[in-house]
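Colleague: I'd like a close look at one part of this model, please. Could you pick the place where two helices meet and walk me through it slowly, then tell me a little about the surroundings?

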Amino acid sequence: MEAVRIDAQNMTPKELNRELKEKAKRYKKIIILNPNAKHYIAAGLVADVEVEIEGSAGYFLGTMIHGPKITLKGNAGWYVGDNMTMGEIVVKGHAGNGVGQYMYGGTVVVEGDAGDRSAALMKNGIVIVKGDAGLMTGLYMMGGKVIVLGDLNEYAGEMIINGRIYIGGAPKSLGKNAKLEEAKPEEVEEVNKILRKYGLPEKDSFYVIVPKSLRPVYKPPSGTPAMKKLLPKFKTEFTYELCIGCGVCAQVCPEKVIKMVGNKPVAARQADCIGCYACVNYCPTDAVKVFRVAESKTNRANIDASIYNYIRQMASVGHPPVVGMGAENKYFPSLDQLTFIPGQTSRPPIDSYREPCDTEVILGHRFAEKPLKLKAPIMIGAMSFGSVSKEVKIALAKAAGRLGIAANTGEGGMLPEERKYASILIVQYASGRFGVSASYLRSGDAVEIKIGQGAKPGMGGLLLGEKVTEDISKMRGIPIGTDAISPARHLDIVGPEDLKMKIEQLREITDWKVPIIVKYAAGRVADDVKIAAKAGADIIVIDGKPSGTGATPYIVTEHTGYSTMAAVVEAHKALKEIGLRDKVSLVVGGGIKTGADAAKVLALGADAVMIASATLVPIGCTYCGTCHNGRCPYGIATQKPELRRRINVELAAKRIENYLRGFIEEMCMFAQLAGKSKLSNLEKEDLRALTFEASMLTGVKLMGVEKPASELMER
Amino acid sequence: MCGIAGIMFTESGSPVGQKLYEMLKSLQHRGMDSAGTIIYGAKSTKDWLVRFVVEDEPEEVAKKIRYRLNVMKHDIKKLNDGNFMLEMVISGDTSTEELKNIIRKYSLSVLSIGKYSIISKDVGLVDDVEKVFNFSKLKGTHGIGHVRFSTESAVDALHAHPFQTFDFPDIAIVHNGQITNYWKRRELLELEGHVFQTDNDSELIIHYIVNKLRKGYKLEEALHEAVKDLDGPFAFLISMPEGIGMARDRLGLRPLVTSEYEGVFVAASEEVAIRKVLPESKITYLRPGEVEVWRP
């Protein structure tokens, strides 16, 4: 077999990887000399090739490889074999933290010791450590095998959900949800077979760490008898003259509020009504009406109905109740507090019937070879397959494709149909890394690193086992019925330097072609934006409040977050301060529902807007907030076939398309009446603030004073 | 934020500067905003070496200080951030109080102050800082260094690390992380009379450790207390004439690896930096919440 040598002495990781990919096409064996602990060696290499590395490697050796056999003569840094899908990595020396984290397949062998958190969030494959392994081996492990011949340090198998950890030595202590067993003889034989393959010593017996429960974070109700909710928020009324007694209303009601008494529907449990209007929508004769009841207060303590019912609910279930959609909170400042002012004769308005309005925008032109060219400055926000149904994903992709705007996979992997219909598809890279592989990232037009989400900032995600059906389990690489956990932070992004390394790693995998997006929940906006920009992001997405989600504790969504309106101004200012405003694109989302909202956000400094929840309204969403439990009566946030059938994909796609076409036209109207022929020319001067508060938050001139409120304060 | 490195030799006159320079160069990818080192045992006299940051007319400022204090010599250099650096050698007989009074009187910005140590720090890459200070030529016993990726505070020479507060000359810290209960802890320390110069969370760690040392804790104990009391992600090295202490937060959110070979102790954020000094030695990961102290 012909072998070829690469001397990496004076190469950057980028040059080395390009050379490696070139050589892998022609040779079967490649020897790398002088690796000098470089990071990202062989990142995303897809080839059937042997790679021998004569020395030590830095972070992310063999990340996301598919096929190669890598032998490292020296030590490896952190995250060896991160997210790999196929192939083999043998480390002759020691390895740092995170060996085989997020793995989907293949084998990693460490002949020395391994650091902490080996096999974290691993979905499948084999990790073998001949020496000792550090803390929390198998953290959040979701499948596959770990074999450690030496000892395991503390918290072994912390939060293990699936898969098995075989140990030749002894664990110091077990983590949450981990349980120690004696391995069965046939298992011992299987493990020894694997060890034989790699010339490692065999053993007569093994201990094995297995999960106590498949659903460690699921909190079952406490078993205390349910308390009735007392104060209704909605009132259901029937017009019995029109009712034909068909019973559809009772059948579609997700909360079982309506009961048929003979042929007659009655609202038997009115206080449970969540206002989804399914009964109204599906009644063939318009015999049902639902009204919102004015929020009533209880007698003395000034508790309103929502919180009163909430406490009663928590008293039954014993943990904080979860809701979908987002906050009811009315106290976040609204973009409605700003208004556009027209051009008249000081500057003429542009005629919207006849004259042009350019809507195209290019995002991510900083480092990426292929920036995103959007026909209109709109990105559809990330909603995962899992939180929403397949039908919704396809309808959104179709609409986005027809309009030339960006769709987003969300964190649950990519549907083939999505890629087929969306002309611009952003692939999301979130903390659970579900469905992530080199080919997944390469098939996207941009990669979005999700750090946070506006509706539940600082919280991880959880797709409950009920929603993990066969389709979802295949896509995410986890067993049916297990909870799909996305930790609150990426295990390998804990600080700014980690983000920088992550961006470089993803660039190596996507060959520096596509833009890298960093998505934040608005918080310490200026600091975070500066960090992402300095770390090398092409596009920064800020998700403010109010905004939507599939599931979040009610109390969190009501009491956390940062206003979209203030966030966009801060992000824009932060980028200017570090001199990167022209290089880094800024996209802002959170509560944007109409072209007016979007035009205002553009005028305040964004390059594009992100909309997510509002795009569900054309499919039928009524913002009722029952997205978390799989009972969505419109087939949107559910995986149940009988509910999903209620969506006509083609019609839904057409309606979303119509809505967004109107949306773009709306944005144009504001630009044109303000005297601009391009959407991107909207600026702060085109706005006036109606309230002191909005002026303080944004620096927009206060109406009637013609000065920003902050200047008035200075006097 | 950042990459950190520390080294200690058993003999004085060892190439601390050169080794720190190499280590920081290999950690450069972890932060490019600013860089710096503190090196002990590199000064031959017991005089104060004080470096001020002056926006303009450095000679005027020098004249004012010379009038009040026993200044042996002074020198003016240009920093990478555009300001001037006024470097003064002030007689070792001058008390800390006298120095502090002058600093307050003229509202001077102090880049560094030390009797036993030399701090070199500025914005820019390691090489940019080396150009201004030539710290790689310094020989001594031990030192620590830092490359910074700024998170929540300003980018200028004053905010570069090693961070020092002029209440406690010759104690410095390099810190990778944030203290998320900063204001709570600061209030408690202020009640005990500590005066904070900045809002930088690294300064809090110095005050915290000094506070414990003054109460009679040993450095190891003080570090253990710090791990208990300080929240958030952090890994830091704290250096003083008596040695170097280090700690990692209890969740192990920031990296710190160490190694020792024939009396040379090395610590850094990444193994690659250790390999610059000790190519073959065994690497030890500091465990979450673990602390370590080296004394020459």
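Modeller: Here is a walk through one helix pair, followed by a few other spots. Keep in mind that this is a predicted model.

Let's start in chain A with helix α14, residues 595-603, and helix α16, residues 649-673. Their axes come within 8 Å and cross at roughly 50°. What do we call an angle like that? An angle between 35 and 65 degrees falls in the oblique range, so α14(A) and α16(A) are oblique to each other. The crossing of α14(A) and α16(A) also has a hand, and that hand is right-handed.

Now, which residues do the touching? On the α14(A) side you'll find Gly595(A), Ala596(A), Ala598(A) and Ala599(A). They meet a group from α16(A) made up of Phe663(A), Ile664(A), Glu665(A), Glu666(A), Met667(A), Phe670(A) and Ala671(A). Sort the residues of this contact by character and you get eight nonpolar, one polar and two charged.

Still in chain A, have a look at Arg269(A). You'll find Arg269(A) in the loop that runs between β14 (264-267) and α4 (278-282). Is Arg269(A) buried or exposed? The answer sits in between: a residue needs 20 or more other C-beta atoms within 10 Å to be buried, and 12 or fewer to be exposed. Arg269(A) has 17, so Arg269(A) is partly exposed. If you skip the neighbours within four places in sequence, Arg269(A) is in contact with Lys256(A) and Val257(A). For a sense of scale, the C-alpha atoms of Arg269(A) and Leu374(A) are separated by 48 Å, and these two residues are 105 apart along the chain.

Next, the partner chain. Where chains A and B meet, 21 residues of chain B are in contact with 20 residues of chain A. On the chain B side, α8 (271-277) and β14 (283-285) each supply at least two residues. The biggest giver there is α8(B), with three residues. That side of chain B divides into nine nonpolar, five polar and seven charged residues.

Finally, chain B as a whole. Chain B has eight helices and 15 strands, and its C-alpha trace spans about 55 × 45 × 30 Å along the principal axes. A compact globule of 296 residues would have a radius of gyration near 19 Å, and chain B agrees with 18 Å. Buried residues make up 49% of chain B. Take the contacts in chain B between residues at least 6 apart in sequence: 73% of them join residues at least 24 apart.

Conventions. Residues are numbered from 1 along each chain as its sequence is written. Chains are lettered from A and ligands numbered from 1 in the order in which they are written. This is a predicted model: local features need pLDDT of at least 70, side-chain atom pairs count only at pLDDT 80 or more; totals for chains, interfaces and linings use all residues. Helices (H or I, at least four residues) and strands (E, at least two) are DSSP runs, numbered from the N terminus. Two residues are in contact if their C-beta atoms, placed from the backbone, lie within 7 Å. Ala, Val, Leu, Ile, Met, Phe, Trp, Tyr, Cys and Pro count as nonpolar, Asp, Glu, Lys and Arg as charged, and the others, Gly among them, as polar. Axes are lines fitted to C-alpha atoms, for helices over the stretch in contact, and angles run from 0 to 180 degrees between N-to-C directions. Angles under 35 degrees count as roughly parallel, over 145 as roughly antiparallel, 65 to 115 as roughly perpendicular and the rest as oblique. A crossing is left-handed if the near helix is turned anticlockwise from the far one by less than a right angle, and right-handed if clockwise. The radius of gyration is taken over C-alpha atoms; the globule rule is 2.2 Å times the number of residues to the power 0.38.
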